[in-house]
Structures are given as structure tokens and as C-alpha cells.
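User: I should like to learn how to read the sheets, the disulfide and the internal spaces of a protein model. Could you take me through them in turn?

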Amino acid sequence: MRAHRIVASVAAGFLLVGTLGAPVDANVRKFRDKRGDAKGSIDITKVRVDNSTKHRNKVVVRVKQRGFRSGGLVEVYLDTKPKRKGPEFRLTGYVGSEYAMRRMKSWKKPGSVVKCPGYAMKMVGKGKTRAVFKRGCIGKPGKVRVAVHTNRGNRSDWARGVFRWLGWVKR
């Protein structure tokens, strides 16, 4: 009888450790884009989408590219409705300038500017962009996916292809 209790206690301990050891950011996905498929500072190399409870009221997208240059543009498209074709939102910013979020009617037709405090785009360091979508502004979706585009002059780069979504990231 005592042996059964010891085995049960050890099993419960392993179960507890296994639960506590689970990653906190299980709803974070990282995507790589081919390095060198675009020339210069617009070349996207990584995209990280955080749809976890760590950022309870936000979806945070981090874009890594090979640097910034004046006139560079970063666009992060957000899909929140799997059954609707195309993006619902686009957050756009120029290096060293302002940013804006728009509702989207299709990939190429932006709608109105979103008038909701709490979204942001910040470009820092050598080619790092942080785009923040406040859940209250985007309808509190369960899962999301993004597409990322950079542009400067007549050159552009899309993470993994033109108008191509990266994978879904669950909440």
C-alpha cells in the first residue's frame, strides 16, 4: 500500500513539473524569410507573431530586416477572420516618420483609418520593427495571421512571397 502512495506521489510530481515547465509563450510563432531575396535594407529576415496571454490585450508583431534607410516603409497586414478573403487591417509606417492603421477592404484597397488608441509601430535599432495591434481595435480575435511587406523606392520584399500569409497563431 505504501509503495502505491510513493509511486502516485512521484507521478504527481512529474506531472506538476511537466505542467510548470510548459512554455509560457506557446502562442508565439517565429517565421524566417530567405535572407538576400531583396537587396539592401528592405530585406526581411524574420517575423515573430505574439498572440499569447503575456500581452493580454495586444497582438505584437516583430519584424527583423537588414537595416533601415530613410524612405523605407514597413507594412504589417493582419487577418483576423479566416472565412473572409484578404486582410482586415494594415499597420503602415515609414522610417523616422508616422504610422497609421487602416481597415482593409482587400489587399490593395485600404478603407478608413482606425480611430482607436492603443495601436503602435516603432522602428528601433538596426532593422527591428515592433507593430502592436490592440485587441479592442481589432475585435478580440482568437487566432491571427500576418503578411509583412517592406518597400523603398522601386524595391520591395514580402515575407515568403507577395500577398502571402504566414501561418495562423492561436490565442
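Analyst: The discussion below takes up the strands, then the disulfide, then the pocket and the cavity. Please keep in mind that this is a predicted model.

User: How are the strands of the open sheet ordered, and what is the sense of their pairing?

Analyst: In general, strands of a sheet pair through backbone hydrogen bonds, either parallel or antiparallel. Here an open sheet is built from 5 strands in the order 1-2-3-9-8, and the pairing is antiparallel. Strand 1 and strand 8 (120-124) each have a single partner strand and stand at the edges, so one side of each lacks a neighbour in the sheet. From one strand to the next, the twist averages 15°.

User: Over how many bridges do strand 2 and strand 3 pair?

Analyst: Strand 2 and strand 3 are joined over 6 bridges in the antiparallel sense. An individual bridge gives the register: Lys-46 has Lys-64 in strand 3 as its bridge partner.

User: Which strands form hairpins, and how many residues lie between them?

Analyst: Two strands and the residues between them are read together. Strand 5 and strand 6 form a hairpin with 4 residues between them, and Gly-96 in the turn has a positive phi of about 70°. Strand 5 covers residues 89-94 and strand 6 residues 99-104; they pair in the antiparallel sense over 5 bridges. The bridge partner of Gly-93 is Tyr-99 in strand 6.

Strand 6 also forms a hairpin with strand 7, with 5 residues between them. Strand 6 and strand 7 (residues 110-113) run antiparallel and are joined by 2 bridges. Met-104 is found opposite Pro-110 in strand 7.

User: Which residues does the disulfide join, and what is its handedness?

Analyst: One reads the sulfur separation, then the torsion, then the positions of the two residues. A search of the whole structure returns 1 disulfide. The bond connects Cys-116 with Cys-137, at an S to S distance of 2.0 Å. The torsion about the S-S bond of Cys-116 and Cys-137 is about -85°, so this disulfide is left-handed. The pair links distant parts of the chain, 21 residues apart: Cys-116 belongs to the loop between strand 7 and strand 8, and Cys-137 to helix 2 (residues 135-138).

User: Is Cys-137 buried or exposed?

Analyst: Residues under 20% relative accessible area are taken as buried. Cys-137 counts as buried because its relative accessibility is 4%. Cys-116, with a relative accessible area of 21%, is partly exposed.

User: What is the volume of the largest pocket, and which residues are the closest to its centre?

Analyst: For a pocket, one considers volume, lining and chemical class. The largest pocket holds about 250 Å³ of space. Its lining comprises 13 residues, and the closest to the centre are Arg-48, Arg-62, Val-63, Lys-64 and Lys-128. Strand 1 (28-32), strand 2 (44-50), strand 3 (58-65) and strand 9 (128-134) each contribute at least two residues to this lining. Its classes are 8 charged, 4 nonpolar and 1 polar. Lys-64 thus links two topics: as well as being among the residues closest to the pocket centre, Lys-64 is the bridge partner of Lys-46.

User: How many cavities of 30 Å³ or more does the structure hold, and which residues line the largest cavity?

Analyst: A cavity is read in the same order. The structure holds 1 cavity of 30 Å³ or more, and the largest cavity has a volume of about 30 Å³. Among the residues lining the largest cavity are Ser-41, Ile-42, Gln-65, Phe-68, Arg-69 and Val-95. By class, this lining has 5 nonpolar, 4 polar and 1 charged residues.

Methods:
Residues are numbered from 1 along each chain as its sequence is written. This is a predicted model: local features need pLDDT of at least 70, side-chain atom pairs count only at pLDDT 80 or more; totals for chains, interfaces and linings use all residues. Side-chain values use heavy atoms; hydrogens and water are left out. On a 1 Å grid over the protein atoms alone, a cavity is a set of points where a 1.4 Å probe fits but cannot get out, and a pocket is an open set with protein on both sides within 12 Å along at least five of seven lines; lining residues have an atom within 4 Å of a point. Grid points are joined across faces, edges and corners, and a volume is the space filled by probe spheres set on the points. Ala, Val, Leu, Ile, Met, Phe, Trp, Tyr, Cys and Pro count as nonpolar, Asp, Glu, Lys and Arg as charged, and the others, Gly among them, as polar. Two strands pair if DSSP finds at least two bridges between them. Axes are lines fitted to C-alpha atoms, for helices over the stretch in contact, and angles run from 0 to 180 degrees between N-to-C directions. A disulfide is a pair of cysteine sulfur atoms within 2.5 Å. Buried means under 20% relative accessible area, exposed over 50%, partly exposed in between (1.4 Å probe, protein chains only).
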